[in-house]
Amino acid sequence: MARSRVSSDEQLSRRVGFRLSESEHRAYLEKVAASGMKASEFFRECVLTNRTKIVARLPASADRKRILFVVNKAGNNLNQLAHVANTQQLTGKLSEATFAAIVEQLELVEQLLKAHLHRVD
């Protein structure tokens, strides 16, 4: 399955810049850090929503960071399995053994996710 493409209107391709004094820059960086966002996300949020006050995100706990890591790794594995299955299917080479191996790997991913989901903040 091909990835869906983002339309050219939705791609983050245009740079916007502005200058600040040293003290303004320090204040800006403090606000960015307090928001828990990246600087570009913070700026877009302020400008595009006409908001001058952004509520800070809670910092992620070590458990939350770990579960995000595990889920990202599982998603990567799922994508690899889907790619193999799709390629095999398109070439007419999806054997029972390949199918069984994919199902086994999916079950392992499911077990891994279930083992970590109860730890989410």
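## Helix 3: length and buried residues

Helix 3 covers residues 62-90. At 1.5 Å a residue, its 29 residues should span 42 Å, and the end C-alpha atoms are indeed 42 Å apart, so expectation and model agree. The model is a predicted one. Just after helix 3 comes Gly92, with a positive phi of about 75 degrees.

Four residues of helix 3 are buried: Ile67, Val70, Ala74 and Leu81. Their cover includes helix 4, residues 96-117.

## Leu81 and its partners

Leu81 sits in helix 3. Its relative accessibility is 17%. The cut-off for buried is under 20%, so Leu81 counts as buried.

Which residues does Leu81 touch, leaving aside those up to four places away in sequence? They are Ile102, Gln105 and Leu106. For Gln105 there is also a backbone distance: its C-alpha atom is separated from that of Leu81 by 8.1 Å. Along the chain, Leu81 and Gln105 are 24 residues apart.

## The whole chain

The chain has four helices and zero strands. Read from the N terminus, the order of elements is α-α-α-α. The chain holds 121 residues, of which 12% count as buried.

Contacts with a separation of 6 or more can be split by distance along the chain. Residues 24 or more positions apart account for 43% of them.

## Helix 1: length and sides

Helix 1 runs over residues 22-35. The length check works here too. At 1.5 Å a residue, its 14 residues should span 20 Å, and the end C-alpha atoms are 20 Å apart, which agrees. Gly36 follows helix 1 and has a positive phi, near 80 degrees.

Tyr28, Val32 and Ser35 are buried in helix 1. Around the axis they cover an arc of only 65 degrees, so they lie on the same side of helix 1. The general rule is simple: an α-helix has 3.6 residues a turn, so residues three or four places apart point the same way. On the other side of helix 1, the exposed residues are Glu22, Glu30 and Ala33.

## Helix 1 against helix 2

What do the buried residues of helix 1 pack against? Their partner is helix 2, residues 39-48. From helix 1, the residues that meet helix 2 are Tyr28, Lys31, Val32 and Ser35. On the helix 2 side, they meet Ala39, Phe42 and Phe43.

Two packed helices are described by the angle between their axes and the distance between the axes. For helix 1 and helix 2, the axes come within 9 Å. They cross at roughly 95 degrees. Angles of 65 to 115 degrees count as roughly perpendicular, and helix 1 and helix 2 are therefore roughly perpendicular to each other.

## Ser35: buried at the helix end

Ser35 belongs to helix 1. Is Ser35 buried or exposed? With a relative accessible area of 1%, Ser35 is buried. Ser35 is also among the helix 1 residues that meet helix 2.

The side chain of Ser35 has a polar partner in the backbone. One of its polar atoms lies 3.1 Å from the backbone nitrogen of Met37. Between Ser35 and Met37 comes Gly36, the residue with the positive phi that follows helix 1.

## Glu24 and Ala34: partly exposed

Glu24 is part of helix 1. Its relative accessibility is 44%, so Glu24 counts as partly exposed. What does the side chain of Glu24 reach? It reaches the backbone nitrogen of Ser21, at 2.9 Å.

Ala34 also lies in helix 1. At 47% relative accessibility, Ala34 counts as partly exposed too. The C-alpha atoms of Ala34 and Arg57 are separated by 7.8 Å. Along the chain, Ala34 and Arg57 are 23 residues apart.

Key
Residues are numbered from 1 along each chain as its sequence is written. This is a predicted model: local features need pLDDT of at least 70, side-chain atom pairs count only at pLDDT 80 or more; totals for chains, interfaces and linings use all residues. Side-chain values use heavy atoms; hydrogens and water are left out. Helices (H or I, at least four residues) and strands (E, at least two) are DSSP runs, numbered from the N terminus. Buried means under 20% relative accessible area, exposed over 50%, partly exposed in between (1.4 Å probe, protein chains only). A polar contact is a pair of N or O atoms within 3.5 Å; within protein, one must be able to donate a hydrogen and the other to accept it, and residues adjacent in sequence count only if both atoms are side-chain atoms. The expected span of a helix is 1.5 Å times one less than its number of residues. The arc is that of the directions from the helix axis to the C-beta atoms. Contact means heavy atoms within 4.5 Å. Axes are lines fitted to C-alpha atoms, for helices over the stretch in contact, and angles run from 0 to 180 degrees between N-to-C directions. Angles under 35 degrees count as roughly parallel, over 145 as roughly antiparallel, 65 to 115 as roughly perpendicular and the rest as oblique.
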